[in-house]
Amino acid sequence: MTLVQPHSGPPLQLRLARDLTRSIKRGHPWVYAEALRQLPPAPPGAPALLLDNKKGREIARGFYDPHSPLAFRVCTTAPGEKLNERWAQKRFERALALRRMLFDRRTTGFRMFNGEGDGLPGLVCDIYGDGAVLQLDGAGPSGFWHAPGIAEWLAQALPVKWVYERSRVEGTIVGHSWLGETPSAPVHFLENGVSFAVDVVRGQKTGFFLDQRDNRQKIREVAAGRRVLNGFGYTGGFSIYAGLGGARHVTTVDLAAPALAAAQANWALNDLPPAMHEAVAADAFEFLAEAAGQETFWDLVIVDPPSFAASQAAVPKAIAAYQKLIGAAAGVTAPDGLLAAASCSSHVGLEAFLRACEEGISLARRKATALYLGGQPADHPTPLALPEFRYLKFVLMRVE
Ligand code: SAH
């Protein structure tokens with residue numbers, strides 16, 4: 001089993017141009033190209049030693065991509081630790097031990113490897129029932145990790161019969177099967193005992209938003225007896241949990257018709273009454289404006305839009321968009337109803353998002369109290385030193 005790609009010769013040596021030793025020793029795993037003294041030619045994913053800017057002492061080992069702004073990713077800071085099979089096996093087993101601690105047979109859809117958060121830079125793997133979806137974050141990780149060997153490891157560690165890779169190569173998603181057949185039909189899995197079917201080939205991310213698991217659970221806890229609106233509902237994650245939590249009725253809104261068809265199918269998969277769910281293909285902003293015009297209210301409104309800020313420069317616009325959306329959502333929330341707002345923009349921090357919630361609610365001339373703050377679940381671990389990795393914010397509010 002080969003988990004890392006074989007490279008001949010000694011590792012490259014990369015010299016820092018800045019004093020980043022402290023931050024790297026504290027667990028920050030990234031070095032940008034401008035922080036390196038030189039960018040020697042090498043194939044993406046080539047193993048490299050990182051030397052400090054002072055005496056040229058080794059401070060980390062990892063891999064290198066001369067063409068990426070993220071030129072070096074740290075695999076280890078332990079002096080002398082080699083990036084060999086034993087090293088990779090140990091990291092994989094540690095990741096597996098965490099998931100075994102977290103999940104029983106009621107959850108068969110989870111994130112097995114969360115890249116840097118598991119000490120496995122650029123390597124993401126999601127398990128869906130009897131298969132796995134791999135995602136390598138660019139040419140560096142693709143040149144370092146050995147996907148067919150990883151597929152073999154997964155098949156012996158878990159009840160995995162197929163492994164499908166979906167990686168981004170120069171902006172487009174490229175799919176490849178490393179084990180078994182490429183799933184042609186939706187794949188079934190369980191999450192907290194809730195059934196879902198996922199399209200791992202055409203769906204968003206690796207097919208499902210596993211990162212909202214704990215927040216969906218929260219929605220199940222508060223949904224009893226409520227009329228629920230799930231804007232940006234995708235394949236119905238929050239909707240199904242609300243239904244199982246005893247919601248009176250659930251409306252799922254999304255722009256994408258195929259996602260809504262999947263939401264209907266997921267609703268049925270959990271034996272929920274068809275009459276209690278409505279799927280509406282619409283722009284959520286327009287839907288909310290229209291509902292406000294008709295003075296329609298819901299007792300629980302959920303808005304989980306796609307990222308509004310692709311870069312730091314887009315943050316002011318994104319904040320304005322969150323304010324507008326949360327204001328519109330508060331406008332259709334019944335008195336003392338609940339409003340859940342999520343943001344997956346890593347450039348917008350929790351405090352900034354809470355302020356956007358406050359501003360949005362005030363635009364709707366309402367007040368709110370925060371009942372629960374959520375984020376990514378424990379199978380999405382993040383290095384404390386890498387705040388960029390903690391992108392998900394979830395705020396459940398009661399709106400007066
Ligand atoms: N809450 C979902 C994930 C939402 S992802 C879950 O837990 O599974 C964001 C979704 O918003 C996508 O499905 C996308 O199709 C949808 N979307 C994007 N822009 C939209 C818009 N303007 N109106 C409605 N839906 C939109």
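## A guided tour of the predicted model

Begin with strands S1 to S5: these five strands form an open sheet of mixed pairing, arranged in the order S1-S3-S4-S5-S2. Select residues 12–15 and 30–32 next. These are strand S1 and strand S2, which stand at the edges with a single partner strand each, so one side of each strand has no neighbour in the sheet. From one strand to the next, the twist averages 35°. The model under inspection is a predicted one.

Within this sheet, select residues 46–51 and 58–64. Strand S3 and strand S4 run antiparallel here and are joined by six bridges. To see one pairing in detail, display Leu51 together with Glu58, its bridge partner in S4.

**The second sheet**

Move on to strands S6 to S10. Five strands again form an open sheet with mixed pairing, and the order is S6-S7-S8-S9-S10. Colour residues 109–114 and 172–179 to mark the edge strands, S6 and S10, each of which pairs on one side only. In this sheet the average twist from one strand to the next is 20°.

Now select residues 123–128 and 131–136, which are strands S7 and S8; the two pair in the antiparallel sense over six bridges. Display Val124 and look across to S8, where Gln135 stands opposite.

**Helix H6**

Select residues 237–244. This is helix H6, which is largely enclosed by the rest of the structure, because seven of its eight residues are buried. The buried positions are Gly237, Phe238, Ser239, Ile240, Tyr241, Ala242 and Gly243. Continue along the chain to Gly246, just after H6, and inspect the backbone: phi is positive there, at about 95°.

**The ligand site**

Select the ligand and show the residues that surround it. The shell holds 14 residues, of which the closest are Gln204, Asp254, Asp283, Ala284 and Asp304. By class, the shell divides into nine nonpolar residues, one polar residue and four charged residues.

Three polar approaches to the ligand can be displayed in turn.

- Asp304: a polar atom of the side chain lies 2.6 Å from a ligand nitrogen atom.
- Ala284: a polar backbone atom is 2.8 Å from a nitrogen atom of the ligand.
- Gln204: an N or O atom in the side chain is 3.3 Å from an oxygen atom of the ligand.

With these contacts in view, add a surface representation. The ligand taken alone exposes 590 Å², and the protein buries 90% of that area.

**The loop between S18 and S19**

For the last stop, select strand S18 (368–374) and strand S19 (393–399), then the loop between them, where His380 is placed. Is His380 buried or exposed? Its relative accessible area is 4%, which is under the 20% cut-off, so His380 counts as buried. Show the side chains of His380 and Asp379 together: they make a polar contact of 3.0 Å.

Gln376 also has its place in the loop between S18 and S19. With a relative accessible area of 18%, Gln376 falls under the same 20% cut-off and is therefore buried. Finally, select Gln376 with Arg213 and draw the distance between their C-alpha atoms. The two residues are 163 positions apart in sequence, and the C-alpha to C-alpha separation in space is 8.0 Å.

How values were computed
Residues are numbered from 1 along each chain as its sequence is written. This is a predicted model: local features need pLDDT of at least 70, side-chain atom pairs count only at pLDDT 80 or more; totals for chains, interfaces and linings use all residues. Side-chain values use heavy atoms; hydrogens and water are left out. A residue is near a molecule or strand if one of its heavy atoms lies within 4 Å of it. A polar contact is a pair of N or O atoms within 3.5 Å; within protein, one must be able to donate a hydrogen and the other to accept it, and residues adjacent in sequence count only if both atoms are side-chain atoms. Accessible areas come from the Shrake-Rupley method with a 1.4 Å probe; for residues, only the protein chains shown count as cover. Ala, Val, Leu, Ile, Met, Phe, Trp, Tyr, Cys and Pro count as nonpolar, Asp, Glu, Lys and Arg as charged, and the others, Gly among them, as polar. Two strands pair if DSSP finds at least two bridges between them. Helices (H or I, at least four residues) and strands (E, at least two) are DSSP runs, numbered from the N terminus. Axes are lines fitted to C-alpha atoms, for helices over the stretch in contact, and angles run from 0 to 180 degrees between N-to-C directions. Buried means under 20% relative accessible area, exposed over 50%, partly exposed in between (1.4 Å probe, protein chains only).
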